[in-house]
Amino acid sequence: MENDNAVRVRGLVKRYPDKVAVNGVDLDIHRGEVFALLGPNGAGKTTTTEILEGYRRADEGEVSVLGTDPAHADRLWRSRIGIVLQTSRDEAESTVAELVSHYAGYYPNPRDPDEVIAAVGLEEKRKTRPRKLSGGQRRRLDVALGVVGNPELLFLDEPTTGFDPEARRQFWTLIENLRTSGTTILLTTHYLDEAEHLADRVGVIDDGRMIEIGTPETLGGRGARTARVSWSDADGQHELRTDKPTAEVAALMARFGGEVPELEVRRPSLEDIYLELIGKANDAKSVAIEAGAL
Amino acid sequence: MADTKALPSTLSVGLARTKLEVREFFREREALIFTFFFPIIFLGIFSAVFGNTDFNGVNAATYFTPGMIASGIFLSSFQSLAISIALERDEGLLKRLRGTPMPPQSYFIGKIGQVLVTSIAQFALLLAISGLVLGVDIPTEPSRWLNFVWIFILGTASGSVLGIAFSVVPKSGKAASAVITPVVLLLQFMSGVYFVYSSLPGWMRGVASVFPLKWLAQGMRSVFLPAGFEVNEPGGSWQLGTGAIVLSVWLVVGLFLAQRVFRWTRRDAG
Ligand SMILES: Nc1ncnc2c1ncn2[C@@H]1O[C@H](COP(=O)(O)OP(=O)(O)O)[C@@H](O)[C@H]1O
Ligand SMILES: [Mg+2]
């Protein structure tokens, strides 16, 4: 019996000769949710994803994807997942329409190829070969090939890297529609706004470790979103965190007898929280390194 | 699940891949020129240059037709597969395919199917040009065509498995043509495809005898050259038995190697 989680990972470790790419990651992805794996370049997103897809072997840990260990996956399992790799540049001589219907032929319950082409917005390019597509169109073809098999679980590794804002918006709509159709999605990105916009839950990964998992609203914990009030006086810059910024400002007004120099009230954006999370992780690392050096 | 339909069969996916591979082959200019039309172009050049020069009693077109047929088989199998698979691996197509429920065997059915279709089409075109345009006498004896069939099958089969294995040699897709084409060209020169084989230096013939193309070319000469022509071969005979053995050994070695070394991802894929 499969449980409610499409993906279950415990203590995942992957080592390369000169790098521990994934270092003890735990992860659950619920059925029907969009989960974003967010982290800077080299964090271990692709390595983790490709272990879940069955391309790479874990050195340690338990991995279960749709109830199966991807290292021992069969055709039936592959027919239930869809994969959009981080890089793809195969220069097929077939057209978009030919490719999408050919790939549909690999699956037991494929989607209608024409509907898929329409869904990714490539109707105008049906007769075009991949090399003649723009970067964004190319990526949408990748998605078309990834979803034409009607997967229960879709992996998207940095689907929008290099897109202009307009193309990214269009792509987001595409993912939202897939989600509405019930597909579970694991997407990796180093764009915070993308994770915030698309994901039900976000896992922040850095240097092979999962720093935090939460909804975009709760990321960073309770304290992370408290307001910051800053001002300056003869002693220099001041900043304090508070749950009652209005009261603080009133108190400052009273103290300065009117205008407060360089007054600013700010709530950290998700970006601030993210940078702080990654920064903390790096601080902890450098402390550990210093301790080790002593 | 209620609506679990069966996965498509390995054969049906293999046939779909064959169709796709053949279509892509004929759309790709480079493959068309350097694999498909190459022997035909050379046959045309040789018969134009040497015209009625006497090659042990036959004209240039007659003498070179079997060599070009052999060459075509080798290009359509070995060269075509080695280059295309190296490119497909480097560009990530193989990796993408591996992530779908396509059975791995279907991929190879597609490749072998493509080799069969293109090499038969190439042979038919070569034969038509030889017979109809260049006035070469095409044999009609069933025994010769029987020989042709097994030589053709052994040639395409060994060339294909060796091509699949050799596809791992180029370090990148860009290097594929540059690595594989000279190897094939060298083999063609040494195997007497472009020259009269018996006029090649002994050491060169010795080297060529290790590889399949020499035996493929000799076999094709036995099919297409007039009776008694074997006196011009170095050993005075067509050596069909030895040829069959050498090609079969290469087929087995190739099969073994292809299974051992084939990979769906680049070497650095982790
Ligand atoms: N095949 C590999 N061989 C050696 N090191 C690798 C390999 N793949 C990834 N790495 C290393 O592992 C780390 C994580 O890489 P990756 O998973 O690609 O990160 P991300 O996708 O988050 O950018 C990086 O330091 C990278 O250099
Ligand atoms: Mg990556």
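The paragraphs below go through the interface of chain B and chain A, then the magnesium site, and finally the surroundings of Phe38(B).

This is a predicted model, in which local features need pLDDT of at least 70 and side-chain atom pairs count only at pLDDT 80 or more, while totals for chains, interfaces and linings use all residues. Residues are numbered from 1 along each chain as its sequence is written, chains are lettered from A and ligands numbered from 1 in the order in which they are written, and side-chain values use heavy atoms, with hydrogens and water left out.

Chain B gives 30 residues and chain A gives 33 residues to the contact between them, where contact means heavy atoms within 4.5 Å. The buried area there, that is, the accessible area (1.4 Å probe) lost by two parts on being put together and summed over both, is about 3,000 Å², with 51% of it from carbon and sulfur atoms. On the side of chain B, the residues that lose the most area to chain A are Arg27(B), Arg96(B) and Pro101(B), which together make up 24% of what that side buries.

Four salt bridges are counted between the two chains, each being a side-chain nitrogen of Lys or Arg within 4 Å of a carboxyl oxygen of Asp or Glu. Glu98(A) and Arg23(B) meet through their side chains in a salt bridge at 3.8 Å, N to O. In chain B, the elements that give two or more residues to the side touching chain A are helix H1 (10-27) and helix H4 (93-98), where helices are DSSP runs (H or I, at least four residues) and strands likewise (E, at least two), numbered from the N terminus. The largest share of that side, eight residues, comes from H1(B).

The magnesium ion (ligand 2) has as its protein donors Thr46(A), through OG1, and Gln86(A), through OE1, at 2.0 to 2.2 Å; donors are N, O and S atoms within 2.8 Å of the metal (3.2 Å for Na, K and Ca), and because water is not among the atoms, sites may look incomplete. The two donor residues are 40 residues apart, Thr46(A) lying in helix H1 (residues 45-52) of chain A and Gln86(A) in the loop between strand S5 (81-84) and helix H3 (96-104) of chain A. Thr46(A) is buried, at a relative accessible area of 18%, whereas Gln86(A) is partly exposed at 31% (buried is under 20%, exposed over 50%, partly exposed in between, with a 1.4 Å probe and protein chains only).

Phe38(B) belongs to helix H2 (residues 29-50) of chain B and counts as buried at 16% relative accessibility. Leaving aside neighbours within four places in sequence, Phe38(B) is in contact with Ile33(B), Leu75(B), Leu185(B), Gln188(B) and Tyr194(B).
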